[in-house]
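Here is a short tutorial on reading backbone and packing features. Look over the structure first, then follow the dialogue.

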Amino acid sequence: MAIRQLSETLINQIAAGEVIERPASAAKELIENALDAGATRIEIATSGGGKALLRVSDNGSGMDAVDLELAVRRHCTSKISETLEDIRTLGFRGEALPSIGSVARLSIASRRRDSAGGHEIAVAGGKIAHLRPAAANPGTIVEVRDLFFATPARLKFLKTEKAEAGAITEIVKRMAIAFPAVRFVLSGSDRTTLEFPATGDDHLARMAQVLGKEFRDNAIALDAMREEIALTGFAGVPTFNRGNSAHQYAFVNGRPVQDKLILSAIRGAYAETIPSGRYPVAVLSIALDPALVDVNVHPAKSDVRFRDPGLVRGLIVGAIREALARDGSRAATTGASDMLRSFRPGFQPNSQRPQTAWSAETSPSRPYQPTTGFGERPQASFDGLSMPTARAEPQFSPQPAAAEPTARYPLGAARAQIHANYIVAQTEDGLVIVDQHAAHERLVFEAMRKALHSKRLASQVLLIPEIVDIPEEDCDRLMQHAAELSELGLAIERFGPGAIAVRETPAMLGEVDAHGLIRQLADEIAEWDTASGLSAKLEYVAATMACHGSVRSGRRLRPEEMNALLREMEVTPGSGQCNHGRPTYIELKLSDIERLFGRS
């Protein structure tokens, strides 16, 4: 078969398959062009999820007649000259407009600020119409209709109009976060209008517009630098998490990217602080010399390659962990909101009311019965408890110093323990409810993690070794890592073909359920065992041990024990959530409590 030159239209349609995958791809390219043109106001209108109509209007520098004719031709651009090592604009390939014009009906009307009039050019299915004068305001209006009409096979692979409209919304949100000084308006017949007013240099205000006002109260500022790479942005506290990774935004030299290296670094930074299946909220901005990053990996320009990926990953993980250690121990403010909603009585529609017969015992209008909660018999179990005091001497410190009764502590002074699991403490301006098991689990884990980097953990020898029966293959896995487990204070040895003898356990754990601990460790090692052993995952093992050795739910604590737990939480990094990412305490301000009683 003879080789022949493809037509320009077919070449553009092939390129469009990579550059323009869906309406959101076209929206991204057009918004990038508007930003590169210096626009401060960008309006996007859609119809039919962007398939029927996509219009992007801006007040940028605009184009004259010569620029318009070149803009719709392939590989024509004003953004680079002879090298790809100093790219400082969002677009640079010169493929977007001709690619869109080859598969849709494209029209561009533009006018420079210093021109008396504007011009318009149209492209339909790759055919370029003659340039003509047009009335236009300074700036550019790009209108795309009937996307993929020239390649109908592509239409079959698009999602519903609602899904495509949502993808465009996500593109606009990412651009809005990256450029807070630009006003964005997204409207159309297929959506409600979404507007992001310009916030100037206040990046956090723009993030609050996109991610919700709660992000402002639950975000920790990031500002770090290694060698020639700078990282800024905000990371949410661990307890402020979401059900997917859609709330993680990354930017490289102002360019929104969805890079696997960056997402992996975020996940690693929050290890042991986020529950399984939950994702942190973060906005990261990386600035570096353009020569140190390749943005020409894919025509969509959403992937990048760093010259030193290890340095970038280390910077992200280190900066986030340092920020969490510094200010990440607080609980998310949403916890108090959820509690208030659970307390607040509300009207329940008939369709949602339980269909049960009325009875005097269950009616919300039943007479007050003192014996249901505060009678003599229910209160009898509290007779043996001593009254809590406001004194707060730290018991976990080697040399505890007596605290003044008037001393102020962030987590307050313990006032009560309810249901043998929750500590209620009074603070200067509210109250705190602490999950004693979750809190102590975190404290033990942090102590174990700190000891890992200094010396072997102290262990306690069991008078009678615990014999744990487990499958032989699990015994083999555990014994392969016996030396590494010994560093954590857990001494084990083989006891026959299908059993493990536990001779020592970490001293800081106190009484340990050796059977449960060994079985859980065997399961975890079977799941992620590697040739390198446990050396890279000792912290995960420490977290498992901490869970088995912490103050259990159901244990009654003395007032001095409760206060000691609170004082230790105040000085321990990450104490706002347990090793599984659940919150360890919820804080209610006095103003919140007053609202419950209608005082404000």
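**Helix packing and unusual phi values**

Q: How are two packed helices described, and at what angle do helix H9 and helix H10 pack?

A: Two packed helices are described by the angle between their axes and the distance between the axes. Here helix H9 (residues 260-269) and helix H10 (residues 309-327) pack at about 35°, with axes 9 Å apart. Axes are lines fitted to C-alpha atoms over the stretch in contact, and angles run from 0 to 180 degrees between N-to-C directions. Helices (H or I, at least four residues) and strands (E, at least two) are DSSP runs, numbered from the N terminus.

The model is predicted: local features need pLDDT of at least 70, side-chain atom pairs pLDDT 80 or more, while totals for chains, interfaces and linings use all residues. Residues are numbered from 1 along each chain as its sequence is written, and side-chain values use heavy atoms, without hydrogens and water.

Q: Which residues of H9 and H10 make the contact?

A: Contact means heavy atoms within 4.5 Å. On H9, they include Leu261, Ile262 and Ala265; on H10, Val312, Ile316 and Ile320 are among them.

Q: What does a positive phi tell me, and where is Phe148?

A: Most residues other than glycine have a negative phi. Phe148 is not a glycine, yet its phi is positive, about 70°. Phe148 sits in the loop between strand E7 (139-145) and helix H5 (152-155).

Q: Is Phe148 buried or exposed?

A: Buried means under 20% relative accessible area, exposed over 50%, partly exposed in between (1.4 Å probe, protein chains only). Phe148 has 1%, so Phe148 is buried.
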